[in-house]
Structure formats: C-alpha cells, structure tokens
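Welcome, and thank you for taking a look at this one with us. Please open the sequence and the coordinates side by side before reading on.

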Amino acid sequence: MKTPGIHCLIGPILLLCFASQSMALAKLKTFRMANTREIESLDPALADGNDANIIVRGLFEGLVSLDPKTLQPIPEIARSWTISKDGLIYTFQLDARAKWSDGEPVQADDFVFAWQRNLRPETGAFYSHHLKTVVGAKAEGNHTLVVTLGAPTPYFIELLSFPVFYPLPHLAIKKFGLRWTEPQNLVSNGPFRLREWKLKEKMTLERNELYRDPGQVKLDRVEIHPIEDPKTAWNMYQAGQVDWIRSVPPALRPRLKNHPEFHSSPVMNTVYLRLNTQGHALRDRRVRRALSMALDRKTLTERVMREGQLPAFGFIAKGIPGYPWRPLIEENIPRARNLLAEAGFPNGRNFPNMTLLYPSNPQSEKMALAISTMLKRALNINVSPSGRERGVFYDKLGHLRYDVARSDWTTEFNDPKSYLDKFTADNASNNLTGYADAEYQRRLEMASRIQEPSQRFSAFARAEQQLVVDDAVIIPLYFNVSSSLWKSHVRGLVDNPRLFYSLKSLSLGQDFRSL
Amino acid sequence: MTFLVYAFKRLLLALPMLWLVLTVSFFLVRAAPGSPLDRDSELPAALKKSLAQQYGLDRPLLEQYVSFVKHAAVGDFGNSYIYRNRSVSAIIQEAFPISARLGILAMLFALSVGLTLGVISAFRQNTWIDHFIMASVVLGKSVPPMVLAPLFVAVFSVSLGLLPVAGWESGTWQYVIGPVLCLGLYDIAAIARLLRGSVLDVMRQKYIVTARAKGLGEFRIIVIHILREALMPLVTYLAPALSSILVGTVIVEQVFNIPGLGRYLISGAINRDYTLVLGIATLASALVIGMNLLADMILGLLDPRIRLQA
C-alpha cells in the first residue's frame, strides 16, 4: 500500500536533481560516448584498438592524421613534407605553434625521443614493428625532422598517423616513468587534455587551451564511459546518458535497421577461417581448396549473419584505392567434391572428423553452425563447431591445436601488405597456420620492392591469389559491417571502413540539450 | 584471559588458511589455458617474448609462485598486466571502496527489511500475513540478480525514467538506489526466514513464558527478551554474506556499469590478468576468513560456552 506514496515523492525529487544538474552543464558542450571497454593505457605507444585510439587521438597528435571521410593523410604537426626521389628520405616541416599542455614547445627532438623509446623492447609498444620501417630520424633545428627509411614504403605517410609515431613529452616521461599517464602527470599536445580518469567509470577530456589550432576544436568536453555490456550501453543510449555507442547488441541490430540514428557500413575487417596446414588431411591443399569452394557465402551473409555483411571471395577488403580487387574464390560444389576425391576422400569417405574452433560468442556460433552444415551437405564431411572461452581459444590457436579456426583481421594500414604479410613463414606469431611457403614469401618480397603503384599492386594481387586460391591457407568468409548509434545532434561523425574517428572534427548541433 | 587465548588460537588458524587459499588460487589461475599476452590483435613474436620477460612469465612456475607469495605477504601484487601503468594495489584501492559501499548499503537495506519481515512473520505465525511474507521473500530470492537487475533497469530507468540507467558518478545517490535494491533483495529472504525460525524458537522458551506471566509489556518482551537471543544465528549468517557482497557482485556491477571489483574480476579473468585476479582473490579470501574470524569472536564474546569448547 505504501508504494504509490513513495513513487509520488521520488519522481519529483529526482526530476529536480536532474534539472539542477542540467542547468549547470547547459553552457558546456559535452559529448558523451560509450567505449566498449576500459582502455589499457593513455600512453600512445601502449594504446591498442579502436577504444584507445579514439581517446589517444583526442589527447595527442602526430605528424599527420587521416581524414575521417576520405581516409587520406592530412597534415597535423607536419605542415608540409618533401620526399626524396628514391623514396627513402622524408623531410618534415613542423608547425611552430605546437605546444605541450605544460607550455613547452613540441619540437623535432620529441619525435626522435619517442621513436627511440617506443622501439626499445622494455617499452613493449604494440605497434613497434611499424617503427622498423625507419632506419634513421634526426632533428635539424627545432622544427625540421628528417626521416630515413630502409626501403621505399608507399604507405609511410599513412603509417605516421599511428599513435606509436606520435611525439612524446620526454621531460614528463623522465620525471614520472610509468606513472606519466596518470591524470595529475599527463602532458599532451592534442586538441583535448585529460581532466579526470576514474578507471572503469568515466574519463573526462576538456578543450586544450594551448592547442596549436584552437579554432578547430568545437567541443568543450568529452566524456568517455567504458561499458563492457552492450545491453547496458544501449540502455544508457536510450535514456540519453550517452550520445554515441559503438557496440549495438547483435540481437537488436536487425530491429534497428530503420532507426534514423542507427548507422551501419562495411568495414575493412575480414572474417575468415584459418586452416591448420600441418593437420592430417588439411596438409593436402586440394582438401583445403575443396572446403573453401564448398561454402555458400551469400547464404551465410544474407540468411545467417543478416547484418549487411558482404561475402568475401578474397582476403583483402574493398577500399584500397588502385588495388585490382576482384572475386578470387570460385564456389563450385561439384569441383570441390572432385578435389576431395582426388585427395583420397571420395564422397567424404575416410575423412577424419574435424572441429571448427571459435571463441564463444553468439555471432561466431551462428557462423560455425552454418559452415558445419554447409560442409556436411556439400562434401559429406564432419566439421563440428567447438566454441571455447577466449583464453582457451587463443591457446589452441597459438599451439596449432586445431583443424579449422575462426579468425578475423582488420587492416592496420591501407595496403595489401598489411593483410598478406601475416602468412609469411617468419611471421609465426601472426601466421598460426603452419604455412611456410618460399614462393609466397618471394612473391611478397618482390612486390614490396616495386615502386610503380599499379605493378606493385598486381604483384600483391598474385600473392593474394596464391594465399586464398592456389594454396587455400585461409578461407575468407565475409567482410564485416560496423554498427553504431549516434544522436541526431552530433555533427561531424562519419562512418568509414577503417573506423577511424577523430574527436576534433565533432561538434554538437542546435538541437543539443544536455541531460 | 580465556577470550584472548581463544582469539589468538583462531588467528593462528586463519593465517595458514589464507596461505592455502592463495596457493590454490595461484595454481588454478595459472592452470587456465591462454596467457595475458593473447590479444585480439596478435602480437609480434619478439614483443611477446620481451613482455613475457618483463612480467617474469618466462621463469619456472615455482619460482614465480615463491615470488608471488613473498610479495603478496606485504600486499604488493605488482602492476596489472593489462592496465600496464597501474599497480594492482592502486586499482583495488580505487575499486574496493565502491564495491564495499554498495555492499554495506545493500546489507543494511536487507537487514532492515529482512528483520522486520522475519519478526512480523514469527508473531503472526500461520496467519495469511505470515504466508504472504514468506511466499514473497522466497519469490524474491528465486529471482536472481541477472534477471532482477535488467528488469529493474527496464522498468524504473528506461520506461519510467525515474533513475539513471547505469553509471556511478562518484556514488551520487540516484546511481546507488538501483544496485543497492537489486543486491539487497537477495539477502532479505534469507534473513527473514532465518529470523522467523529463531524467533519462533525463542518464543517457546520457558523464560519468555515467565516474562509474560510477570506481566511485562509485549514490546519489552520482543525487543529485550526475544530479539536479543534470536539474533545470534544471524551473526553466523552475516559474516560470510557480508564478505561476499563486499568484494563486488559481478552481475549487478556489469548491468549498472559500476567500477567495482566485480567488473575487474571478470575482465581480469577473461584477459588472464594474473596479477589483478590474484590481487582480488587475496582480498576476497582475506575478507571471508577475517569476517568468519570476527563472527567467531563475537559469538565467543556473546556465548562463553563456544570459547570453552574451542
């Protein structure tokens, strides 16, 4: 009997609270976003994944960034640059206005310091391998940086947008060591500075008054909420507690398709199956090819996954300008059966029972069940789905204790090399298929040396053909789509295939009301 | 004097117990396949090797165990493997007060409601009030937090808009209500049932009959004579219940996105963040053992027969 009374009281009190809160915040343009997890670190060298990169790009900036619309490099601290004829020496002119948030100027030295530090193994920088393209870097005065590469690298300017290439405040790092990223110690040079970081609760960035180009920054504050559970994120979005979520619960996606704030577009992330090429039957490339040919990728994407994924008939996703992109894999069940028979398994006879290993989650489970059914129907072989907890999955993958395993790859930079280098013999930790083919390696090395873009791309295309068709080391399944929701008052947010977002380009429209 | 000896004996027993729990946790955590170096974007081999070296993962397991015990003894668990710039102790220092605050509030809520319902039930034994209360607390107990919490959010936050959906905002009260109710409801049932039973038990004692015969007021009988005695079993129940609710509850923290220990435990376990998981496990076991120790002492103080038996 008491309940209605309490309701009558609680409602107005809460409303009052929110009202007074919103009055105080109304003047500030605060953008509130949900991340899918708490990030490991704010150190640009230790930032990993999209969640971290969005924040790090808000706090720091490097020589160049990418245009979120075109994904073409745009100058940041580097005002301009020249490239020597042989493509080995890059000379950057730096923006003299660039400052650290403690007032110190950002100088060419800061880049040299950062790159040397990030290369040292004890730093443990995740993307330090990209730094190895550089063989020399020196500061000529305060505002000129001369970089020497070991080999011509057509995508080098784009690589510079990676946080691992960002300058670092050497004074702060020397003073505070590992603790330099704590809110009271952090010195940064980007459009925003760190105001507060409560682990797993909320991070608040505020406009950096010392930013070299203050006119470009339209937001006063950015709040980042780390939310692991997509359902919680969705609830918070519905209640207006956040303006942008990047992980929409899979079960909701089909229902939200026509929602005006729902955005979905293809991304350069390829979902594929790894094959253990050391495995009993899978050692024979005819068997591997048969498996790849027997699938029906269109049915998989349109009838099973149903979120707009695109069937993948090759490993490299569409979106590299100039790359001769074409469907490579031919789906042909009769040919697949013949190949399997040639390999000694006519109509699947004597074919060993195999498992399709995947990390347990509803999406992968759907995929695995569909693949298993397709292989049974087409080739009469048993490849049973086997979902495993994340750690167990990686353990089995790393020790080649699997037959077929679900994998996916998001390109690191917009070049076929980012995809194809994974499967060379000397890349054992990334390869994880046991594939080590001298011819493949030779093809890649040759392609890397070619300077003329179209010839270079066709050489890479030939290697891709070997990887997915001739040797069928991996079975590409589909290209993923992104799915996110943002409120209509958010301006400047654009979907792009690389999920490259920049807080600097965001603003809030007239219809913006703080909660 | 006898009490001090008793307390000292219990303490002596607690320390090896803690060590045993930590040893088992260490080897269990390490027996799980996978490693903190497994990431969704695979690491280059050279980097993996140097990180393993930094973390000491390349050394023999026993050596790692010895070093873990040595450091744990002084409360040093090293840096988290995932949040590499943060020490485990710093993370626990930040997250534990949050979980503890929620836990204490939830327990207070459960106690106040549970006690009232239990007493009412006992005094109205076998009437419709008793049946109604007991049926509803059992119903409450049978709806686990993983159902209750999302339901609560759907009704009170999303549909009615009365409370924020999730978040913590340094523990502002609007953000605390939902999690506290969802956490507390679970214990109400246990407390109410326990108390109803023990009140009924005490009511049948002869000294209560005497008190009634003396013509004491009902209120005095309930509060001074019955409740004091009937609360004893609750002490044994509260100790472990409180320690488990203090170190965070995974589901409720996840649903309400609260930066407590439960969420760290989950992400630590998924990412094989050995130091973080072991740090939280140490705290949790120390709490459970400590709370039980405390309960033993309180019981020992309240009831001399217990310390004599021990």
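This report goes through confidence, chain B, the contact between the chains, the cores, the strands of chain A, one helix and two backbone angles.

**Confidence**

Please keep in mind that this is a predicted model. Its scores are ipTM 0.85 and pTM 0.87. Chain A has a mean pLDDT of 91, with 94% of its residues at 70 or more. For chain B the average pLDDT is 87, and 97% of the residues score at least 70.

Two stretches of chain A deserve some caution. Over residues 1–9 of chain A the pLDDT stays under 50, and the model gives them 0 contacts beyond four places in sequence. Residues 14–20 of chain A also have a pLDDT below 50, and this stretch has 5 contacts beyond near neighbours in sequence.

**Chain B and its contact with chain A**

What does the secondary structure of chain B come to? There are 14 helices and 0 strands. The C-alpha trace of chain B spans about 85 × 60 × 30 Å along its principal axes. Of its 310 residues, 36% count as buried. Among the contacts in chain B with a separation of 6 or more, 72% come from residues 24 or more positions apart.

Now to where the chains meet: 41 residues of chain B are in contact with 42 residues of chain A. On the chain B side, the elements that give two or more residues are helix H2 (45–55), H4, helix H6 (145–159), helix H11 (250–255) and helix H12 (261–270) of chain B. H2(B) gives the most, with 6 residues. By class, this side of chain B has 22 nonpolar, 12 polar and 7 charged residues.

**Nonpolar cores**

The largest nonpolar core has 137 residues, of which Ile55(A), Ile245(A) and Ile280(B) touch the most other members. H4(B) gives the most to this core, with 14 residues. A second, separate core has 69 residues, including Ala294(A), Ile320(A), Phe351(A) and Met354(A). As general background, nonpolar side chains in soluble globular proteins tend to be buried together.

Ile245(A) makes a good place to zoom in. Leaving aside neighbours within four places in sequence, Ile245(A) is in contact with Ala34(A), Ala233(A), Trp234(A), Tyr237(A), Ser484(A) and Leu485(A).

**Strand pairs in chain A**

Three antiparallel pairs are set out below.

| Strand | Partner strand | Bridges |
|---|---|---|
| E6(A), residues 134–139 | E7(A), residues 144–149 | 5 bridges |
| E12(A), residues 262–275 | E17(A) | 10 bridges |
| E12(A) | E16(A), residues 404–410 | 7 bridges |

E12(A) thus appears with E17(A) and with E16(A). In the pairing with E17(A), Leu273(A) stands opposite Ile475(A). Towards E16(A), the bridge partner of Val271(A) is Asp408(A).

E6(A) and E7(A) form a hairpin with 4 residues between them. In the turn, Gly141(A) has a positive phi of about 75 degrees. Ala137(A) has Val147(A) in E7(A) as its bridge partner.

**Helix H10 of chain A**

Which residues of H10(A) are buried? They are Arg297(A), Leu300(A), Thr301(A) and Met305(A). These four lie on the same side of H10(A), because they cover an arc of only 90 degrees around the axis. On the other side of H10(A), Lys298(A) and Arg303(A) are exposed. The buried residues pack against E13, helix H12 (362–379) and strand E17 (474–486) of chain A, so E17(A) links this helix with the strand pairing described above.**Two backbone angles**

Most residues other than glycine have a negative phi. Just after H10(A), Arg306(A) takes a positive phi of about 55 degrees. Arg306(A) lies in the loop between helix H10 (297–305) and strand E13 (310–311) of chain A. Is Arg306(A) buried or exposed? Arg306(A) counts as partly exposed, because it has 14 C-beta neighbours inside 10 Å.

Chain B offers another case: Asn126(B), which is not a glycine, has a positive phi of about 65 degrees. Asn126(B) is placed in the loop between helix H4 (88–123) and helix H5 (128–142) of chain B. With 8 other C-beta atoms within 10 Å, Asn126(B) is exposed.

Methods:
Residues are numbered from 1 along each chain as its sequence is written. Chains are lettered from A and ligands numbered from 1 in the order in which they are written. This is a predicted model: local features need pLDDT of at least 70, side-chain atom pairs count only at pLDDT 80 or more; totals for chains, interfaces and linings use all residues. A residue is buried if 20 or more other C-beta atoms lie within 10 Å of its own, exposed if 12 or fewer, and partly exposed in between; C-beta atoms are placed from the backbone. The arc is that of the directions from the helix axis to the C-beta atoms. Two residues are in contact if their C-beta atoms, placed from the backbone, lie within 7 Å. Two strands pair if DSSP finds at least two bridges between them. A nonpolar core is a set of buried Ala, Val, Leu, Ile, Met, Phe, Trp, Tyr and Cys residues joined through C-beta atoms within 7 Å. Ala, Val, Leu, Ile, Met, Phe, Trp, Tyr, Cys and Pro count as nonpolar, Asp, Glu, Lys and Arg as charged, and the others, Gly among them, as polar. pLDDT is the predictor's confidence in each residue, from 0 to 100.
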